[in-house]
Amino acid sequence: MKKIAATLALMVLLVSPAWAHKVCMLSSFEGDSITGEAYFSTGDPIVGSPVTVESNGEEIGQGKTDENGAFSITIPKGVLSAKVTINAGMGHVAHEEIAREGAPEPSTATEPQAQTTAETSVPAVSLEDVKKAVASEISPVKKMVMDMERAQSKPDMPKILGGIGYIIGIVGAFMWGRSKRV
């Protein structure tokens, strides 16, 4: 019994922290491209990893994450849904299915010409100006959502304690089984 207790104590003391981490990604349609950000559950950005975009089973675009974990991949016109995949290496892969709901397809029609008359002094605004204004307005909201996603994906104390409990339980079961053989 002392041997088992000593072995268990030694195993608990020699356990090093696990460096496993989850790959998280947030992506969306933005005009004629798919943009997003990828990071580990620790909050560290995934740098220089390949990102691929598929639609209907065919690859339609690819790119890499930058130093902030961000990516922007140009896609063909008419794509309404896509599967975005990031491969951070060593089995760290994340997939996300996204749809073009609420994100307008980029317009190929000519922009309406400015219509200012002497009666109205409202300046004409192009579609691109509106898109830029909306993108700049929702940018803080996107950042806030990504920060919330990062905060939720970090391992918390109950998960860590649960993992340690599993390890101790498995070792205990192994030791109990081994003691029954003798």
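# A tour from helix 2 to the two sheets

Begin by selecting helix 2, residues 127-153: at 1.5 Å a residue its 27 residues should span 39 Å, and because its end C-alpha atoms are 37 Å apart, the helix agrees with that expectation (the expected span is 1.5 Å times one less than the number of residues). The model is predicted, so that local features need pLDDT of at least 70 and side-chain atom pairs count only at pLDDT 80 or more, while totals for chains, interfaces and linings use all residues. Residues are numbered from 1 along each chain as its sequence is written, and side-chain values use heavy atoms, with hydrogens and water left out.

**The whole chain**

Zoom out to the protein chain, whose secondary structure comes to three helices and seven strands (DSSP runs numbered from the N terminus, with helices being H or I of at least four residues and strands E of at least two). From the N terminus on, the elements follow the order α-β-β-β-β-β-β-β-α-α. Of the 182 residues in the chain, 24% are buried (buried is under 20% relative accessible area, exposed over 50%, and partly exposed in between, with a 1.4 Å probe and protein chains only). Among contacts between residues at least 6 apart in sequence, 52% join residues at least 24 apart (a contact is heavy atoms within 4.5 Å).

**Back to helix 2**

Within helix 2, centre the view on Ile138, where the helix bends by about 35 degrees, and then look for a proline, Pro140, which follows within four residues (the bend is the angle between axes fitted to the seven residues ending at a residue and the seven starting there). Next select Met146, Arg150 and Ser153, which are buried in this helix; what covers the buried residues of helix 2 includes strand 1 and strand 2.

**The sheet of three strands**

Follow that cover into an open sheet of three strands, which has the order 1-2-5 and antiparallel pairing (two strands pair if DSSP finds at least two bridges between them). Strand 1 and strand 5 are its edges, each pairing on one side only, and neighbouring strands of this sheet are turned by 20 degrees against each other on average, direction ignored (axes are lines fitted to C-alpha atoms, for helices over the stretch in contact, and angles run from 0 to 180 degrees between N-to-C directions). Strand 2 and strand 5 are joined by five bridges, and Gly36 has Phe71 in strand 5 as a bridge partner. Helix 2 packs on this sheet by touching strand 1 and strand 2, and its direction makes about 30 degrees with that of strand 2.

**The sheet of four strands**

Now select the open sheet that four antiparallel strands form in the order 4-3-6-7, with strand 4 (58-64) and strand 7 as the edge strands, each pairing on one side only. Strand 3 pairs with strand 4 over six antiparallel bridges and with strand 6 over four, also antiparallel. Glu54 is a useful marker here, since on strand 4 it stands opposite Glu59 and on strand 6 opposite Lys83. The hairpin of strand 3 and strand 4 has two residues between the strands, and in it Asn56 takes a positive phi near 55 degrees.

Move on to strand 6 and strand 7, which are joined by seven bridges and run antiparallel. These two strands form a hairpin with five residues between them, and Gly89 in the turn has a positive phi of about 85 degrees. To check the register, select Val84, which stands opposite Glu96, and then Ser81, whose bridge partner is Ala99. Along strand 7 the side chains alternate, with Ala94, Glu96 and Ile98 buried and pointing to one face, while Val93, His95, Glu97 and Ala99 point to the other face and are not buried.

**The largest nonpolar core**

Among the 18 residues of the largest nonpolar core, those to colour are Phe29, Ile34, Val53, Phe71, Val84 and Ile86, which touch the most other members (a nonpolar core is a set of buried Ala, Val, Leu, Ile, Met, Phe, Trp, Tyr and Cys residues joined through side-chain atoms within 4.5 Å). The elements giving two or more residues to this core are strand 1 (23-30), strand 2 (33-40), strand 3 (50-55), strand 5 (70-74), strand 6 (81-87) and strand 7 (93-99). Setting aside neighbours within four places in sequence, Val53 has contacts that include Ile34, Ile60, Ile73, Ala82 and Val84.

**Last stop: His21**

Finally select His21 in the loop between helix 1 (2-14) and strand 1; because its relative accessibility is 26%, His21 counts as partly exposed. Not counting residues up to four places away in sequence, His21 touches Phe40, Ser41, Thr42 and His92, and its C-alpha atom lies 9.8 Å from that of Tyr39, 18 residues apart along the chain.
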